[in-house]
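Visitor: I am new here and would love a guided tour. Could you take me through what there is to see, one stop at a time?

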Amino acid sequence: MNSVKCLISSLFGVAVLLFFGLAYPHHLHFQEQFQLFLFDNTYVWEIIRQPGGVADLLGRFCTQFFLYAWVGAAIIAILLSAIQLLTLRLLNCHCNATLSKRELSTVNCQLAYGLTFVPSFLLWLYLLDENALMSGVWAVLLTLLAAWAIVSLSKGWTRRILLIAAIPLLYFLVGPVCFPIPIDGLWAGIHYHRYPTVFPWLLWGAALSIWVIFGLNSLIRRRQVHFSHLSPLTSYLSFVLVAAIMGSLVWKNANFKAEKVMQYDFMARHQQWNRILQTISAEKPNNQIGVTVQNLALAMNGMLLEQMGNFNQNGIAGLLPDVKEDATSPLPTAEAFYQLGMINVAQRTVFEAQEAILDFQKSGRCYKRLAETNLINGQYAVARKYLMALQKTIFYRDWANETLPLLGNEEAIARHPEYGRLRQWNYKDDSYFSDHTTPEMLESLYSRNQDNRMAYQYLLAYYILTGDRERYNQFMSTKQ
């Protein structure tokens, strides 16, 4: 491989890096929050014992680094670049096996060079879906590695025997992507997509495109087509054509609206209230999650009643939306419940959101919040269970180690700037909870602790958005 082709492959990797790092970072954060990778023998064995388990394990291992978008973008760029380079290596091996020395010197697989980027571009398209899992990328990469090893180390009948022997092994390691042709629903694969019923067409397209490239190369040989008149620039022009077509498809199919929603959820997760205010000042959100986070940030800065009229509202659903049965939309609402001091409600909402993850994984984000709510409620044994699990992770371990000493330490919890405050605001007695947030719930919060300015703001905002002047005036009269 000459230096120019190395440069082109590097530029492709840089393009992938910049796309996911600059244009699509919150899709990576979204992926990370719906899994919990544990450095635990039982956890690892439960994954790798299934067909495709090795690819699934490697995918999950990589996804934990998506907590930091640029690290995740670099991982994706390296994997997609490696797939392109392996495809090119295998194509060169195929050319060496099918073309004569004279033909090889003139053709050198020039026309097919640009096509070696097609599998990687298709995987790029596949990863635009926030529910497409990294195990699919690893399945293709490991299959190519095995094929390259077999082609490089063997010839003739030995190669055929190794290829036949490798098929069941590859199926166990990476799943059905290692096969050239999908037959029925069984071949949808395990852990290629978060939705079990979704067939990952783009993933299969990436795997099958490799066979198409080799088929085109064989067709050239069988028809004895000669390209002695072609210059070396042909291969580079083929790349430009493929890059233009596939690159436009990537940009056209990228879901930037979902990216914006995920940005609001990410900022609420990390309590970046000032950053939220800067974001909504530049562009007012008009979706439920964005409005919920917007109002939460305004309230956290004591500005909800003053500024809510300057932004889009979604009725009372913009304050505390009804909890839906999915894994995504309840989390910003749960954050509002938590910050209001409605700890039990927040705990239930987070737990149900985690149980709604469609591939039955656990969530590092949810485990952390469940540890906090149980700590605030004094349920130390339950909190310890979550913290002990988080100790087996890379990025949550330090936080778990810092939090464990708080268990049972009432004085330390009381002094804690967040947990002590929320314990004071929390409901003291059991009460009926409705899935539809009512002003009575907010009134109860505020009447128990009038230092809870969050509850005060949300209650008055509730009256304003519902147009309930009577209850608004009645409440204000009791304040005077």
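Visitor: In which helix is the place of Glu-372?

Guide: This is a predicted model, where local features need pLDDT of at least 70, side-chain atom pairs count only at pLDDT 80 or more, and totals for chains, interfaces and linings use all residues. Residues are numbered from 1 along each chain as its sequence is written, and side-chain values use heavy atoms, with hydrogens and water left out. Helices are DSSP runs of H or I with at least four residues, strands are runs of E with at least two, and both are numbered from the N terminus. By that numbering, Glu-372 sits in helix α19.

Visitor: Is Glu-372 buried or exposed?

Guide: Buried means under 20% relative accessible area, exposed means over 50%, and partly exposed is in between, using a 1.4 Å probe and protein chains only. The relative accessible area of Glu-372 is 6%, so this residue counts as buried.

Visitor: Leaving aside neighbours within four places in sequence, which residues is Glu-372 in contact with?

Guide: Contact here means heavy atoms within 4.5 Å. With the neighbours within four places in sequence set aside, Glu-372 is in contact with Tyr-338, Trp-399, Glu-418 and Tyr-419.

Visitor: Which residue meets the side chain of Glu-372 in a salt bridge?

Guide: A salt bridge is a side-chain nitrogen of Lys or Arg within 4 Å of a carboxyl oxygen of Asp or Glu. The partner is three residues apart from Glu-372 in helix α19 (residues 364–376), so about one helical turn separates the two. That partner is also buried, at 10% relative accessibility. Salt bridges that share partners join Glu-335 into one network with the pair, and the residue that meets Glu-372, at 2.8 Å from N to O, is Arg-369.

Visitor: How many salt bridges does a search of the whole structure find?

Guide: Another one links Arg-49 and Glu-46, whose closest N and O atoms are 3.0 Å apart. Arg-49 is partly exposed at 45% relative accessibility, and Glu-46 is partly exposed at 35%. Over the whole structure, the search finds 13.

Visitor: In which helix do Glu-352 and Arg-348 both lie?

Guide: These two form a salt bridge, with 3.8 Å between the closest N and O atoms. Glu-352 is partly exposed at 39%, and Arg-348 is partly exposed at 36%. They lie four residues apart, about one turn of the helix, in α18 (residues 343–355).

Visitor: Which helix gives the most to the lining of the second largest pocket?

Guide: A probe the size of a water molecule, rolled over the atoms, shows where empty space is left. On a 1 Å grid over the protein atoms alone, a pocket is an open set of points where a 1.4 Å probe fits, with protein on both sides within 12 Å along at least five of seven lines, and lining residues have an atom within 4 Å of a point. The lining has 19 residues, and those closest to the pocket's centre are Arg-269, His-270, Arg-365, Lys-368 and Tyr-396. At least two lining residues each come from α13 (256–269), α17 (330–340) and α19, and the helix that gives the most, with five residues, is α19.

Visitor: Which helix gives the most to the largest nonpolar core?

Guide: A nonpolar core is a set of buried Ala, Val, Leu, Ile, Met, Phe, Trp, Tyr and Cys residues joined through side-chain atoms within 4.5 Å. The largest has 82 residues, and Leu-304, Leu-320, Leu-340, Met-342, Tyr-419 and Tyr-458 have the most contacts inside it. With nine residues, the helix that gives the most to this core is α25 (residues 453–466).

Visitor: How many residues has the other core?

Guide: That core lies apart from the largest one, and its members include Phe-12, Leu-91, Tyr-126 and Tyr-192. Its residue count is 61.

Visitor: How far apart in space are Gly-136 and His-193, C-alpha to C-alpha?

Guide: Gly-136 lies in helix α9 (residues 134–153) and is buried, at 0% relative accessibility. Beyond its neighbours within four places in sequence, Gly-136 is in contact with Tyr-126, Tyr-192 and Leu-203. Gly-136 and His-193 are 57 residues apart in sequence, and their C-alpha distance is 8.0 Å.

Visitor: How many helices does the chain have?

Guide: Buried residues make up 51% of the 480 residues in the chain. The chain has zero strands, and its helices number 26.
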